[in-house]
Protein chains: 2
Amino acid sequence: MKKSLGPNTFALPLPAFLVGSYDENGNPNLMTAAWGGILSSEPATVGVSIRPTRWTFDGITLNKSFTVNIPHVGLVTEVDFCGLVSGKQHDKFKEASLTPVESSLVKAPYVDECLLVLECKTHKTLELGSHVLFVGQILNVLADESILDESGVIQSLKANPLVYGTDAAYFKLGAEVEKAFSCGKKLLRNS
Amino acid sequence: MKKSLGPNTFALPLPAFLVGSYDENGNPNLMTAAWGGILSSEPATVGVSIRPTRWTFDGITLNKSFTVNIPHVGLVTEVDFCGLVSGKQHDKFKEASLTPVESSLVKAPYVDECLLVLECKTHKTLELGSHVLFVGQILNVLADESILDESGVIQSLKANPLVYGTDAAYFKLGAEVEKAFSCGKKLLRNS
């Protein structure tokens, strides 16, 4: 039996991205973002939605650059902290003991402790009321060697990403269920 | 040690949405989408990116309506099937034994077997090269009573959503790691 919950932002899974940017003083800044995702293949883009009141909004607007850092489960305290305070008052990298590294491709810092990083330049923006969607063209993906298999494929379970839920909590990834482009072939015999 | 993988669409977690629409003949259709996510709070919106060659693209364009259905782990075969074939040649609801229900709010069908459904009308679109991003205004969320707690909050683990990975596989959600807006407070003492 389904219940109507009205117009709400409930979806699963949600990401827990750390968005890296430089602020107007050139200081590295971070924010936590659950609104966003991959948006296209050619060009490779990722979108993150940000409220115009956020300190990160000004930094990305100024430098037309940002990084999307995918935190592993061990960084949950740091990720939550970066969603609690503003970079206008806090040096979040320092207070969370995270290491900013300047991207060689875009004018934005990434988080050295994250095992998967997308280096992005702003490709397009879209105003959506409460938030502006920044669509970043992914110029490069940086992946820690520890999460790659022998063919260079990112192993999701080794990346061990934080997942954000609908109940104000962070989760880890569980077991593999099935291979994609594979298990569904069973139903082709019905065609 | 980080390795450069070039411009690629690698992020975690990715969703495995089933996007529901009516085609030009009024038949219910489905596609599997991993490119998208929640994009704003007011209005509540969700984005899904779709290639213009897809059958679903025409249906959403025609009806300015779609549903985002969040499949639980038990539907993995059906989800994968809906990503393997086109609605132009296949009645995916029928072949996957899924039940289409007409939304009472938008001109799109939803999947009765999904425990969480977003009923959307197209709010904006954004061309992104390979894909067009359809931003849907979420007019209503339908949630099965079995995934709600006593306060009406969606329990992520009860929703048991499929998660798509970077290694062409579907995963389940694992254990809760921490509460949000809570565990990060530990770092405030450093401020």
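## A walk through a two-chain model

Let's start at a turn: G129(A) takes a positive phi near 90 degrees in the hairpin of β10(A) and β11(A), a hairpin with 4 residues between its strands. Keep in mind that everything here comes from a predicted model.

Now follow the two strands away from that turn. β10(A) and strand β11 (residues 132-144) of chain A run antiparallel, and 11 bridges join them. Strand β10 (residues 116-127) of chain A also pairs with strand β7 (residues 65-70) of chain A, again antiparallel, through 6 bridges. A good place to see both pairings is C120(A) in β10(A). Facing C120(A) from β7(A) is F66(A), while its bridge partner in β11(A) is I138(A).

Step back and take in the whole of chain A. You can count 4 helices and 13 strands in it. Its radius of gyration is 18 Å, close to the 16 Å that the globule rule gives for 191 residues, so chain A is as compact as a globular protein of that length. If you drew a box around its C-alpha atoms along the principal axes, the box would be roughly 60 × 45 × 35 Å. Of the 191 residues in chain A, 56% count as buried. The chain also brings distant parts of its sequence together: take the contacts between residues at least 6 apart in sequence, and 61% of them join residues at least 24 apart.

Next, bring in chain B. How do you lay chain A on chain B? Turn it by 180 degrees with a shift of 0.0 Å along the axis, and the RMSD comes out at 0.0 Å. That is the relation of a two-fold axis. The same surface serves both copies, since 100% of the contact residues of chain A recur in chain B. To find the rotation axis from chain A, look for G174(A): of that chain's residues, its C-alpha comes closest, at 1.9 Å.

Where the two chains meet, 94 residues from chain A and 94 residues from chain B take part in the contact. On chain A's side, strand β13 (residues 169-179) gives the largest share, 11 residues. Sorted by class, that side has 51 nonpolar, 28 polar and 15 charged residues.

Stay with β13(A) for a moment. Which strand of chain B does β13(A) pair with? The partner is strand β13 (residues 169-179) of chain B, joined to β13(A) by 7 bridges and running antiparallel. Within this pairing, Y170(A) stands opposite E178(B). Y170(A) has neighbours in both chains: leaving out residues up to four places away in sequence, it touches A16(A), V76(A), L162(A), V163(A) and Y164(A), plus V177(B), E178(B) and A180(B).

That brings us to the inside. In soluble globular proteins, nonpolar side chains tend to be buried together. Here, the largest nonpolar core has 130 residues, and those that touch the most other members are L116(A), Y170(A), L116(B) and Y170(B).

Finish in chain B, with another hairpin. Strand β3 (residues 17-22) of chain B pairs with β4(B) in the antiparallel sense over 6 bridges, and Y22(B) has P28(B) as its bridge partner in β4(B). There are 5 residues between the two strands, and G26(B) in the turn has a positive phi of about 80 degrees. Is strand β4 (residues 28-33) of chain B mostly covered or mostly uncovered? It is mostly covered, with 6 of its 6 residues buried. P28(B), L30(B) and T32(B) point one way from β4(B), N29(B), M31(B) and A33(B) point the other way, and all are buried.

How values were computed. Residues numbered from 1 in each chain as written. Chains lettered and ligands numbered in written order. Predicted model: local features only at pLDDT ≥ 70, side-chain atom pairs only at ≥ 80, totals over all residues. Least-squares fit on C-alpha atoms with pLDDT ≥ 70 in both. Contact = placed C-beta atoms within 7 Å. Pairing = 2+ DSSP bridges. Nonpolar A, V, L, I, M, F, W, Y, C, P; charged D, E, K, R; others polar. Buried ≥ 20, exposed ≤ 12 C-beta atoms within 10 Å, placed from the backbone. Core = buried A, V, L, I, M, F, W, Y, C linked by C-beta atoms within 7 Å. Rg over C-alpha atoms; globule rule 2.2 N^0.38 Å.
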